[in-house]
Amino acid sequence: MKKIPFQIFLAVSLLIFASLACQAVGENHPTPTESVAQLPQAAKPAATTEPTTPPEPTQPAPPQPEVPSQGAGIACVGIKDQGVACLDENGWKVYNKSNSQFANDFINAVTACPDGRIAFAHFNGISLFDGKEWNNFSKGDFSTVNALACDANGTLWVAHFQGVSRYDGQWTKFGTDLLATGNAASELVYDVAIDPNGVVWVTTPNSVASFDGSNWTVYQESQGFDKKLFFKSLAFDNLGKPIVSHGNGIAIFEDGKWLISNSPDFISSAEDMVVDTRGQVWLGTLSNGVYIFDKGSWSNQTFANSELSSNDVNALAADTGGRVWAATEYGLSVFSDDTWTVFRMDNSDLPVNDIRGVAVIADGPALPAAIEKETGSLTGQVKNNDGSPVANADVEICVQILGTRFFGATPCSDQPFYLTSKTDSDGKFAFENVPTGYYTLVMKVGDSWAQLTGNIGSISEQVLVKPGQTTDVGDITIKE
């Protein structure tokens, strides 16, 4: 591993960071319109901790509400810092604070509800969308939302720091003391999901808990699991059996026991997990693409061995038509008929490539044809602090934001798309035939690499290249 030092700064970086900070503070203050008319009021059952026997449903699974018919579904994605983009039979449409009733552009979580609406958690609260209208309401006693779930009656559940909360016209919070005990106790809550019988399931780092409407049941080391495991995501198979991801694979709850299946090379926690119509379990990871568990066997798809757009998978969704949708840091990838179809800024109406969440109703919409967009170019000039040019230096652009470490030969070489260039005798560089999108810019200085920031606009640390246009980041000065 090599470390990228941070010795190089833009001449205008202080102004940019100051403006971004002001913007972020301002985003936290607007109050969304309160609206609870479509969410029924319900009595609040007492919450108690029970032994680790699995909850037995006392009534049959509730009937599924009507949802859009085949071909009339909708898919929505949360896009980085810019609200929501939804796809229907008319194509893509972007919803944000400036053009709709959507309450906040910073999305934390997305989920599809049984009644055909899609729920979005953001900094101000929760927004529900039926394809035409928005219904917004304020959040409860919690900060950032990690996951959302809806039941068949319209009740919402939120996984968040220090607990899980239910909204049925008013907020009820269940603390983390109900979700784990002893050494497994944690204030982190990662995921929440509701099974076909209405039982709520929750994951914390070292426990799985379920709520049958009256009592909580906890599963952790020595209480349903032989050893301590690191849990993350939740899903249900096609028979309604709960599945949880852990650091080495999955665990399936069947006949009162957790059955463990470890992947031989699974080395990354699952950011999200879904089950497709064939019963295959899909796990999206932060850096290793997607893992697929099918009838006891594991496989792995990455951008290197498939058409998946990025190995950084933020969220997954499965529609009733058999497709799997992957929200990645470099576009939206849809798997159907054994291949991926990818939507990005350079071939669709998506406004960004960094997709944070995805939800699909019913079969979902038909996929639109790709758009052929003209490429652009990216130029700039690098100077030393004394004004002399930095000549013959390696420069790269890539499509994902870099951390302080990289694992390829160069900072961009292990990304799904990157371009290389060199500065000339005047310190000038140019990248031609650049697809539309936001790019990270880095340069080699001596034996080390440093990230450069040009005229970055509203996307931190990245530069926008538009179709058929030249983006000039101007002079970049190395600070000694």
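A residue counts as buried when its relative accessible area is under 20%. Keep that in mind for the views below, which all come from a predicted model.

**Figure 1. The whole chain, mostly strands by count: one helix and 40 strands.** Buried residues make up 52% of the 480 residues in this protein chain. The chain exposes about 21,000 Å², and carbon and sulfur atoms supply 48% of that area. Now look at contacts between residues with a separation of 6 or more: 59% of them join residues that are 24 or more positions apart.

**Figure 2. Trp 201 meets Trp 258 edge-to-face.** The structure holds 32 aromatic pairs, and this view picks out one of them. A pair of aromatic rings is described by the distance of the centres and the angle of the planes. For Trp 201 and Trp 258, that comes to 6.1 Å centre to centre and 85 degrees between the planes. Trp 201 belongs to strand β15 (residues 200–204) and Trp 258 to strand β22 (residues 257–262), so this pair links parts of the chain that are 57 residues apart. Are these two residues buried or exposed? Trp 201 and Trp 258 are both buried. They also have company: together with Tyr 219, Phe 225, Phe 231 and Phe 253, they form one aromatic cluster.

**Figure 3. Trp 282 and Trp 340 form another edge-to-face pair.** Here the ring centres sit 6.0 Å apart, with 90 degrees between the planes. Trp 282 is in strand β24 (residues 281–285) and Trp 340 is in strand β30 (residues 339–343), so the pair ties together parts that are 58 residues apart in sequence. Both of these Trp residues are buried.

**Figure 4. A lysine over a ring: Lys 232 and Tyr 190.** Zoom in on Tyr 190 and you'll find Lys 232 lying over the face of its ring, at 5.2 Å from the ring centre.

**Figure 5. An open sheet of four strands, in the order β6-β7-β8-β9.** Strands of a sheet pair through backbone hydrogen bonds, either parallel or antiparallel. In this sheet the pairing is antiparallel. Why do β6 and β9 each have one side without a neighbour in the sheet? β6 (107–112) and β9 (134–138) stand at the edges with a single partner strand each, so one side of each is left free of a neighbour there. Ignoring direction, neighbouring strands of this sheet are turned by 20 degrees against each other on average. Strand β8 (residues 125–129) pairs with β9 over five bridges, and Ile 126 stands opposite Phe 137 in β9.

**Figure 6. Strand β31, largely enclosed by the rest of the structure.** Five of the six residues of β31 (residues 355–360) are buried, so the strand is largely enclosed. Strand β3 (residues 75–79) pairs with β31 in the antiparallel sense, over five bridges. Want a spot to start looking? Cys 76 has Ala 359 in β31 as its bridge partner.

**Figure 7. Thr 471 and its surroundings in strand β40.** Thr 471 is found in β40 (residues 470–477). Its relative accessible area is 16%, and because the cut-off for buried is under 20%, Thr 471 counts as buried. Which residues is Thr 471 in contact with, leaving aside its neighbours within four places in sequence? They are Ser 377, Leu 378, Thr 379, Val 463, Leu 464, Val 465 and Lys 466. Take Leu 378: Thr 471 is 93 residues from Leu 378 in sequence, but their C-alpha atoms are 4.8 Å apart in space.

Terms used
Residues are numbered from 1 along each chain as its sequence is written. This is a predicted model: local features need pLDDT of at least 70, side-chain atom pairs count only at pLDDT 80 or more; totals for chains, interfaces and linings use all residues. Side-chain values use heavy atoms; hydrogens and water are left out. Helices (H or I, at least four residues) and strands (E, at least two) are DSSP runs, numbered from the N terminus. Buried means under 20% relative accessible area, exposed over 50%, partly exposed in between (1.4 Å probe, protein chains only). Contact means heavy atoms within 4.5 Å. Accessible areas come from the Shrake-Rupley method with a 1.4 Å probe; for residues, only the protein chains shown count as cover. Rings of Phe, Tyr and Trp (its six-membered ring) pair if their centres lie within 6.5 Å; planes under 30 degrees apart count as stacked, over 60 as edge-to-face and the rest as tilted. A charge sits over a ring if NZ of Lys or CZ of Arg is within 6 Å of the ring centre and within 35 degrees of the ring normal. Two strands pair if DSSP finds at least two bridges between them. Axes are lines fitted to C-alpha atoms, for helices over the stretch in contact, and angles run from 0 to 180 degrees between N-to-C directions.
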